[in-house]
Amino acid sequence: MDAPLRSTTSLLQILVSFFLLLFLGLNMFREVESLGINYGQVANNLPPPEKVLQLLNALKITKARIYDTNPQVLTTFANTNIELIVTVENQMLATLGDQQQALQWVSSHIRPYFPATNITGIAVGNEIFTDEDTSLMTYLVPAMVNIHAALVKTGLSQYIQVSSPNSLAVLANSYPPSAGNFRSDLSDIMQQFLQFLATNKSPFWINAYPYFAYKDNPNKISLDYVLFNSNQGMVDPYTRLHYDNMLYAQVDAAIFAISRMGFNGLEVKISETGWPSKGDSNEVGATLQNAAIYNRNILRRQLLNEGTPLRPNVRLDIYVFALFNEDMKPGPTSERNYGLFQPDGTMAYNVGLLSTTSTTTSNSEPSSASVSLASSAPPMVKRVGYQSLVHWMMMMMMFVYICWLCKC
Ligand SMILES: *[C@@H]1O[C@H](CO)[C@@H](O)[C@H](O)[C@H]1NC(C)=O
């Protein structure tokens, strides 16, 4: 072999290895991503956790959040591929201001189930900053500090993140996104809260519902913009970033608000978003059709592993609210109709989770199709089987190729 030919060969080798590595990397990256779902249980007619597990498997969902530490759920989800976020109920916060109590809580509610049950996060309360009971706020950070300390003590802190989901109403401004800032009356306590998250590398969780903005202002706000349908969107006049949907704009507003408090690197994740399929007559936009479109579009965008315009390369993690309609929720009709599923396991509407190839947006009719809670495994098995086969073949090729390189 003469010299010029040899250098062409090594260039080729470098190129081939580059693309092989890229392909492998992408393949592995894709495999772990999943939509998250909120498994709320304020209802008296929900299926037992075993059935719910089958449903999640059929839907290929591997991330779920519950609103308590229900031992039945924790036990059922053991030795499965489900990652679980659990919740400290709001009424526990005051008690957890005591270090010993927090240790006791972790020892009895978390320790016995981990690692068989893959608990990856603890939500300390829910929407504390906007709760009617304003005294809860003062208990929040001490409770988080104590829970975290208890996790350190029990050796779990590197596996389980501690945070607390906030309502978007913690922001005084969210439009345009670059004007995002926190309510001034929250600034002292928000400073401590963000400091905790930054110190422990925990994410900032936001419950964001573009539906509320639309309902309050249906004449001013474009339905297509809030539903992720194609529309002209808006450009933030300061950053010049283009937004084609309200949800991403809300997330970026939160990122700006956090930055204004001096915390630049915090990750922002959506702990809840959703759309009601039914509402009272004054709840504009709460329809089956809109709910189907919103959730379908969220799913479609999640499959792209997208980030927001401000952080295009950081995949935005989203937990949809909710798995089931919950008949015992108080408040307006919409509150009981956020579910992708009816309690009996039939779809409230077809989101496309069972046929992820469908990407239609508008004009698609809500389907009356139903999924049987009892027959669920095949889709999951098929997908995983295919992916690991591809993965295995790539590994083999890589191995053969490296052998070949070494011989040269
Ligand atoms: C639990 O979930 C985390 C986060 O995705 C993952 O890294 C880990 O491997 C999982 N643990 C088990 C035992 O499956």
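## Exercises around strand S3

S3 and strand S4 (residues 118–124) run parallel, with six bridges joining them. Keep in mind that you're looking at a predicted model.

**Exercise 1.** Work out which residue of S4 stands opposite glutamate 83, and which helix sits in the β-α-β unit of S3 and S4.

*Solution.* Start on S3, which covers residues 83–88. Look across from glutamate 83 and you land on asparagine 118 in S4. Now trace the unit: S3, then helix H4 (residues 99–109), then S4. This β-α-β unit is right-handed.

**Exercise 2.** Now try strand S2: find how many bridges join S2 to S3, and what stands opposite arginine 65.

*Solution.* Find S2 at residues 63–65; three bridges join S2 to S3, and these two strands run parallel. Opposite arginine 65 you'll see isoleucine 85, which belongs to S3. Helix H3 (residues 71–76) makes a β-α-β unit together with S2 and S3, and that unit is right-handed.

**Exercise 3.** Decide whether S3 is mostly covered or mostly open, then set that beside the whole protein.

*Solution.* Go through S3 residue by residue, using 20 or more other C-beta atoms within 10 Å as the cut-off for buried. Five of the six residues in S3 pass, so the strand is mostly covered. For the protein, with its 408 residues, the buried share is 38%.

**Exercise 4.** Zoom out: count the helices and strands, and see how far apart in sequence the contacts reach.

*Solution.* The protein has 11 helices and 13 strands. Take the contacts between residues at least 6 apart in sequence: 72% of them join residues at least 24 apart.

Conventions:
Residues numbered from 1 in each chain as written. Predicted model: local features only at pLDDT ≥ 70, side-chain atom pairs only at ≥ 80, totals over all residues. Helix = DSSP H or I, 4+ residues; strand = E, 2+ residues; numbered from the N terminus. Buried ≥ 20, exposed ≤ 12 C-beta atoms within 10 Å, placed from the backbone. Contact = placed C-beta atoms within 7 Å. Pairing = 2+ DSSP bridges. Right-handed = clockwise from strand over helix to strand, strands pointing away.
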